Amino acid sequence: EENLTTPSNIDTPIVSTISPEMNFKVSAVELNQLSNSVTNIKYQIQKVIVGQDKTIELMMMALLTGGHVLIEGMPGIAKTMMAKLLAKTIDVQFNRIQFTPDLMPTDVVGTSIFNMKISDFVFSRGPIFSNLILIDEINRSPAKTQAALFEVMEELQVSVDGTTHPMEFPFMVLATQNPMEQEGTYKLPEAQLDRFIFRILVDYPNLNEEKKILQRFKEDFTQQSLANVKPVIKSKDLKNFRDIVQRIFIKNELLDYIAQIVVSTRNHPYLFLGASPRASLAIMKSSKALAAIRGREFVTPDDIREATFPVLNHRIILTPEKEMEGITTKDVVQQIIEEIEVPR
């Protein structure tokens with residue numbers, strides 16, 4: 001069975017120790033607290049999950065930047081489980097919504113119900129009113145139900161009957177979908193895909209990981225090990241971590257580098273649709289989060305290159321000719337990155 005290296009203070013009580021002082025210099029103490037918390041969250045999740053290090057890191061990057069995540073992969077590779085475990089490591093509310101073809105928008109956001117006692121309509125909140133929301137098989141519901149997520153994902157609020165209902169901090173949507181099964185599904189429109197900071201492509205485990213999975217659960221058929229996953233941080237800690245990520249330093253030359261990458265997608269001969277300015281902002285935010293997770297107070301070109309494909313892979317569309325030739329979006333992104341000079 002795989003041996004996990006236990007980080008320090010792994011199961012200690014949750015204590016908020018970070019000062020929320022607003023300044024533009026990140027201290028080593030702040031970085032250590034953020035980096036250690038991320039390491040502890042990974043450790044807690046890996047009490048159950050074998051492998052998937054990159055997927056967990058991308059989920060943490062999204063959480064640290066206020067983004068939403070689309071997790072795509074075949075059934076049975078722990079997409080839903082990873083989202084549930086992430087919620088367990090943070091002391092916040094968690095809801096799961098199973099999208100189905102007959103799900104209505106009011107089933108997600110809520111509706112106004114007439115209250116006989118007060119002779120007036122009262123808003124009954126839907127399951128979207130939580131902190132971490134897992135939407136299973138988001139492409140199973142028709143466009144009108146998918147569209148119910150547009151406002152809440154972008155504006156962090158829901159408008160019903162002319163009244164706005166804000167979401168509580170933090171708010172994050174983790175949606176899953178199966179890339180192979182198309183019957184009875186509704187493809188997400190580009191406008192909605194653009195609202196996810198990452199599309200994470202989860203692959204099958206390799207042979208060694210498959211063996212470790214069998215070893216780990218050979219005497220745990222009902223997955224009792226889930227009870228061993230402990231909360232690591234509170235919502236106020238997460239708020240301070242996001243402040244730290246905002247203050248990570250990025251040179252103007254690296255901002256220009258990000259702009260060049262994104263603009264290159266708009267006039268690339270292999271692409272029918274390029275990326276929007278939202279993609280530029282997403283690359284900048286996620287590269288800052290990656291630098292903070294790695295314990296650095298500044299962004300490097302490698303951070304940007306590592307964040308680029310998860311940000312762009314669902315925002316660009318190949319021309320039909322290149323798609324028929326077997327070219328992938330990853331090939332195009334890699335080509336763009338190699339062609340643009342890296343700042344020194």
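**Exercise 1. Find what share of the 344 residues of the protein chain counts as buried, and describe the overall build of the chain.**

Solution. Of the 344 residues in the protein chain, 49% count as buried, and this value, like those that follow, is computed from a predicted model. The next step is the secondary structure, which comes to 13 helices and 13 strands. The radius of gyration is 21 Å, close to the 20 Å that the globule rule gives for 344 residues, so the chain is as compact as a globular protein of that length. Along its principal axes the C-alpha trace spans about 70 × 50 × 50 Å. Turning to contacts, those between residues 24 or more positions apart make up 80% of the contacts with a separation of 6 or more. The last step is the surface: the accessible area comes to about 17300 Å², and carbon and sulfur atoms account for 52% of it. The chain also carries 37 positive and 43 negative side chains, with the centres of the two sets 4 Å apart.

**Exercise 2. Identify which residues touch the most other members in the largest nonpolar core, and follow one of them outward.**

Solution. The largest nonpolar core holds 72 residues, and the members that touch the most others are Leu34, Leu64, Leu86 and Phe198. Taking Leu34 as the example, and leaving out residues up to four places away in sequence, one finds that Leu34 touches Leu64, Phe241, Ile244, Val245, Ala292 and Ile293. A second core, separate from this one, has 25 residues, among them Val160, Phe171, Val173 and Ala175.

**Exercise 3. Decide whether helix 3 is mostly covered or mostly open, and place Ala87 within the picture.**

Solution. Helix 3 runs over residues 79-88 and is mostly covered, since eight of its 10 residues are buried. The buried residues are Lys79, Thr80, Met81, Met82, Ala83, Leu85, Leu86 and Ala87. Ala87, which is found in helix 3, has a relative accessible area of 5%, and it counts as buried because this value is under 20%. Beyond its neighbours within four places in sequence, Ala87 is in contact with Phe94 and Leu132. A further distance can be read for Asn131: it stands 44 residues from Ala87 in sequence, while the two C-alpha atoms are 8.8 Å apart in space.

**Exercise 4. Work out where Leu132 is found, and list what it touches.**

Solution. Leu132 is found in strand 6, which covers residues 132-136. The relative accessible area of Leu132 is 0%, so this residue is buried. Not counting residues up to four places away in sequence, Leu132 touches Leu63, Leu86, Ala87, Val92, Gln93, Phe94, Asn95, Met172 and Leu174. For Phe94, the separation along the chain is 38 residues, yet the C-alpha atoms of Leu132 and Phe94 are separated by 4.9 Å.

**Exercise 5. Determine whether Gln98 is buried, partly exposed or exposed, and name its contacts.**

Solution. Gln98 lies in strand 3, residues 94-98. With a relative accessible area of 32%, which falls between the 20% and 50% limits, Gln98 is partly exposed. Setting aside neighbours within four places in sequence, Gln98 is in contact with Leu103, Asp136 and Glu137. The C-alpha atoms of Gln98 and Ile138 are separated by 7.8 Å, although these residues are 40 apart along the chain.

**Exercise 6. Locate the cis peptide bond between Phe169 and Pro170, and the positive phi angles of Ala78 and Leu156.**

Solution. The cis bond joins Phe169 and Pro170, with omega at about -10°. Pro170 lies in the loop between strand 8 (163-166) and strand 9 (172-177). The next step is Ala78, which is not a glycine but has a positive phi of about 75°. Ala78 is placed in the loop between strand 1 (69-72) and helix 3, and its relative accessibility of 26% makes it partly exposed. The final case is Leu156, also not a glycine, whose positive phi is about 55°. Leu156 belongs to the loop between helix 5 (143-155) and strand 7 (157-160), and at 38% relative accessibility it counts as partly exposed.

Definitions and conventions: Residues are numbered from 1 along each chain as its sequence is written. Side-chain values use heavy atoms; hydrogens and water are left out. A nonpolar core is a set of buried Ala, Val, Leu, Ile, Met, Phe, Trp, Tyr and Cys residues joined through side-chain atoms within 4.5 Å. Buried means under 20% relative accessible area, exposed over 50%, partly exposed in between (1.4 Å probe, protein chains only). Contact means heavy atoms within 4.5 Å. Helices (H or I, at least four residues) and strands (E, at least two) are DSSP runs, numbered from the N terminus. The radius of gyration is taken over C-alpha atoms; the globule rule is 2.2 Å times the number of residues to the power 0.38. Accessible areas come from the Shrake-Rupley method with a 1.4 Å probe; for residues, only the protein chains shown count as cover. Lys and Arg count as positive and Asp and Glu as negative; His and the chain ends are not counted. The place of a charge is taken as NZ of Lys, CZ of Arg, CG of Asp or CD of Glu.
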